[in-house]
Amino acid sequence: MLAELLVLLVLAGACTAILAMKVLAPVKSPDDATRDYLEAIKTGDTSTAFGLRSSRKGLTRQKFAEGVAEERRTNGAVTRYQVVATFVESGGRGRVRYTLTTTKRVGTVEALLLREGGDWKLCDFREVSP
């Protein structure tokens, strides 16, 4: 009887912990999504990077990987990045400005993000003046 009660308490505690993590976990911010994306690009993990892109672009996994490879050949591999500003706008839109260092150049880029299903997804990029 005591063993059954102990097992029940352990299971209840585990369920409570899992529920608390799901409910209390902060929603990723636009800068978190951007950092995750840039880290995936930096390490060559195009599968993870593709998953962080907006589905609204209609891009296939293969075309995305080819685009990343072409970008790497043209502008160099990402060696460093630093988020410098984040802007959350109405309508589930956001912008993240970051400095990007590659093996061939340094620049400032602004990522445009959309909120899709509770997650921030990257949808476009543009180079900006620092």
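What follows is a walk through the predicted model of this protein, from its overall layout down to single residues.

The model is predicted, so local features need pLDDT of at least 70 and side-chain atom pairs count only at pLDDT 80 or more, while totals for chains, interfaces and linings use all residues. Residues are numbered from 1 along each chain as its sequence is written, and side-chain values use heavy atoms, with hydrogens and water left out.

Starting with the big picture, the protein comes to 4 helices and 4 strands. Here helices (H or I, at least four residues) and strands (E, at least two) are DSSP runs, numbered from the N terminus. Read along the sequence, the pattern goes α-α-α-α-β-β-β-β. Of the 130 residues, 29% count as buried; buried means under 20% relative accessible area, exposed means over 50%, and partly exposed is in between, using a 1.4 Å probe and protein chains only. As for contacts (heavy atoms within 4.5 Å), those between residues at least 6 apart in sequence include 41% that join residues at least 24 apart.

Helix 2 (residues 30–43) is a good place to zoom in, and Thr 34 lies in it. Thr 34 counts as buried because its relative accessibility is 0%. Leaving out residues up to four places away in sequence, Thr 34 touches Val 96, Tyr 98, Ala 111, Leu 113 and Leu 122. Ala 40 belongs to helix 2 too, and at 5% relative accessibility Ala 40 counts as buried. Neighbours within four places aside, Ala 40 is in contact with Asp 45, Thr 48 and Ala 49. The C-alpha atoms of Ala 40 and Phe 50 are separated by 9.1 Å, with the two residues 10 apart along the chain.

Now for the rings. The structure holds 3 aromatic pairs. Rings of Phe, Tyr and Trp (its six-membered ring) pair if their centres lie within 6.5 Å, and planes under 30 degrees apart count as stacked, over 60 as edge-to-face and the rest as tilted. Tyr 37 and Phe 125 make a stacked pair, at 5.4 Å centre to centre with 25° between the planes. Since Tyr 37 lies in helix 2 and Phe 125 in strand 4 (residues 119–128), the pair ties together parts that are 88 residues apart in sequence. Tyr 37 counts as buried, at 7% relative accessibility, whereas Phe 125 is partly exposed, with a relative accessible area of 27%. Tyr 37 and Phe 125 also join Phe 50 and Phe 64 in one aromatic cluster.

Another ring has a charge over its face: Arg 95 lies over Phe 87, at 4.4 Å from the ring centre. For a charge to sit over a ring, NZ of Lys or CZ of Arg has to be within 6 Å of the ring centre and within 35 degrees of the ring normal. Arg 95 is found in strand 2 and counts as partly exposed, at 22% relative accessibility. Not counting neighbours within four places in sequence, Arg 95 has contacts that include Ala 85, Phe 87, Glu 89 and Glu 110. Arg 95 and Pro 30 are 65 residues apart in sequence, yet 7.2 Å apart in space, C-alpha to C-alpha.

Over in strand 3 sits Leu 114, which is buried, with a relative accessible area of 8%. Among the residues Leu 114 touches, beyond those up to four places away in sequence, are Ser 54, Arg 56, Trp 120 and Cys 123. The C-alpha atoms of Leu 114 and Gly 94 are separated by 6.4 Å, and the two residues are 20 apart along the chain.

Finally, there is the empty space. About 610 Å³ of it lies in the largest pocket. On a 1 Å grid over the protein atoms alone, a pocket is an open set of points where a 1.4 Å probe fits, with protein on both sides within 12 Å along at least five of seven lines, and lining residues have an atom within 4 Å of a point. Grid points are joined across faces, edges and corners, and a volume is the space filled by probe spheres set on the points. The largest pocket is lined by 25 residues, with Glu 71, Asn 75, Tyr 98, Leu 100 and Phe 125 nearest its centre. Helix 2, helix 4 (61–75), strand 2 (93–102), strand 3 (106–116) and strand 4 each give two or more residues to this lining. Helix 4 supplies the largest share, 7 residues. By class, the lining has 12 nonpolar, 6 polar and 7 charged residues, where Ala, Val, Leu, Ile, Met, Phe, Trp, Tyr, Cys and Pro count as nonpolar, Asp, Glu, Lys and Arg as charged, and the others, Gly among them, as polar.
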